[in-house]
Amino acid sequence: MGSYSGALLAAKGLNDLCELIEAAAQDQLVCHFLIVGYPLHTLERFLDEKNLRSWCTLTGRIPYEELSGYLALANIAIEPKMSDSGEASGKLLNYMAAALPVVCYDSPNNSEILASAGFLADRSAGVSSLLSRLKQALSSPEEAQRRGKIARTRVEKTYSWDAAAAKVYAVYQDNIISN
């Protein structure tokens, strides 16, 4: 199962997510999309028009505290946002904490955060490359699981509260010692 969580807006990659679902259905991939997010109206209309409802489970908005339970149902995470805004995707950290390999576009932020835990798609190739990486992850479950473990270790060592606190502490220690 592939999972997406977050706002279902064009700026967050909704159009590419819709195209990916349609392409997966056309290719008859053995995949189901768990989509945790809102607002649902645009996605629901798309799924109805394309007769793709059976390919997806839509939860709508859920309390953040319940997200980990939904992510535990998936074996691959999907981040379809193709942004040059320079902002990182916070959902990557949630996916990584759930030990999910991530299918996403190769951007500087995604590459830095995921390192070798991601299945990185060529942004210039668009959804066809995203689909290719999804196929790669689905056809290599052992590799996907290995990358998920890398993601979990990476988020614990680099992006956890403990890791952040240690970095802040070190900065303050350096400033105290140098003053």
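In this predicted model, six strands come together in an open sheet, running in the order 3-2-1-4-5-6 with parallel pairing. Strand 3 and strand 6 (118-121) sit at the edges with a single partner strand each, so one side of each has no neighbour in the sheet. Going from one strand to its neighbour, the turn is 25 degrees on average, direction ignored. As a reminder, strands of a sheet pair through backbone hydrogen bonds, either parallel or antiparallel.

Within the sheet, strand 1 (residues 2-7) pairs with strand 4 (residues 76-79) in the parallel sense, over two bridges. Here G2 has I76 of strand 4 standing opposite. Strand 1 also holds S3, and this serine is buried, with just 1% relative accessible area. Setting aside neighbours within four places in sequence, the contacts of S3 are L34, L71, A74, I76, A77, I78 and Y95. I76 thus turns up twice, as the residue opposite G2 and as a contact of S3. Then there is T57: S3 and T57 lie 54 residues apart in sequence, and their C-alpha atoms are 9.6 Å apart in space.

Next comes helix 2 (residues 41-49), where L43, F46 and L47 are buried. Looking down the axis of helix 2, the buried residues fall within an arc of 95 degrees, so they line one face of the helix. That fits the usual geometry: an α-helix has 3.6 residues a turn, so residues three or four places apart point the same way. And what lies over this buried face? The cover for the buried residues of helix 2 includes helix 1 (14-26), strand 2 (33-38) and strand 3 (56-58).

The loops on either side of helix 2 each have a backbone oddity. Most residues other than glycine have a negative phi, and most peptide bonds are trans. On the way in, the peptide bond from Y38 to P39 is cis, with omega near -10 degrees, and P39 belongs to the loop between strand 2 and helix 2. On the way out, just after helix 2, N51 takes a positive phi of about 55 degrees. N51 lies in the loop between helix 2 and strand 3 and, at 66% relative accessibility, counts as exposed. A similar case is Q28, in the loop between helix 1 and strand 2. Phi of Q28 is also positive, near 55 degrees, in a residue other than glycine. With a relative accessibility of 60%, Q28 counts as exposed.

Finally, there is a helix pair further along the chain. Two packed helices are described by the angle between their axes and the distance between the axes. For helix 6 (residues 127-139) and helix 7 (residues 141-159), the axes come within 5 Å and cross at roughly 100 degrees. That puts helix 6 roughly perpendicular to helix 7. On the helix 6 side, the contact is made by Q136, A137, L138 and S139, and on the helix 7 side by P141, A144 and R147. Sorted by character, the residues of this contact split into four nonpolar, two polar and one charged.

Notes. Residues are numbered from 1 along each chain as its sequence is written. This is a predicted model: local features need pLDDT of at least 70, side-chain atom pairs count only at pLDDT 80 or more; totals for chains, interfaces and linings use all residues. Side-chain values use heavy atoms; hydrogens and water are left out. Buried means under 20% relative accessible area, exposed over 50%, partly exposed in between (1.4 Å probe, protein chains only). Helices (H or I, at least four residues) and strands (E, at least two) are DSSP runs, numbered from the N terminus. The arc is that of the directions from the helix axis to the C-beta atoms. Contact means heavy atoms within 4.5 Å. Two strands pair if DSSP finds at least two bridges between them. Axes are lines fitted to C-alpha atoms, for helices over the stretch in contact, and angles run from 0 to 180 degrees between N-to-C directions. Angles under 35 degrees count as roughly parallel, over 145 as roughly antiparallel, 65 to 115 as roughly perpendicular and the rest as oblique. Ala, Val, Leu, Ile, Met, Phe, Trp, Tyr, Cys and Pro count as nonpolar, Asp, Glu, Lys and Arg as charged, and the others, Gly among them, as polar.
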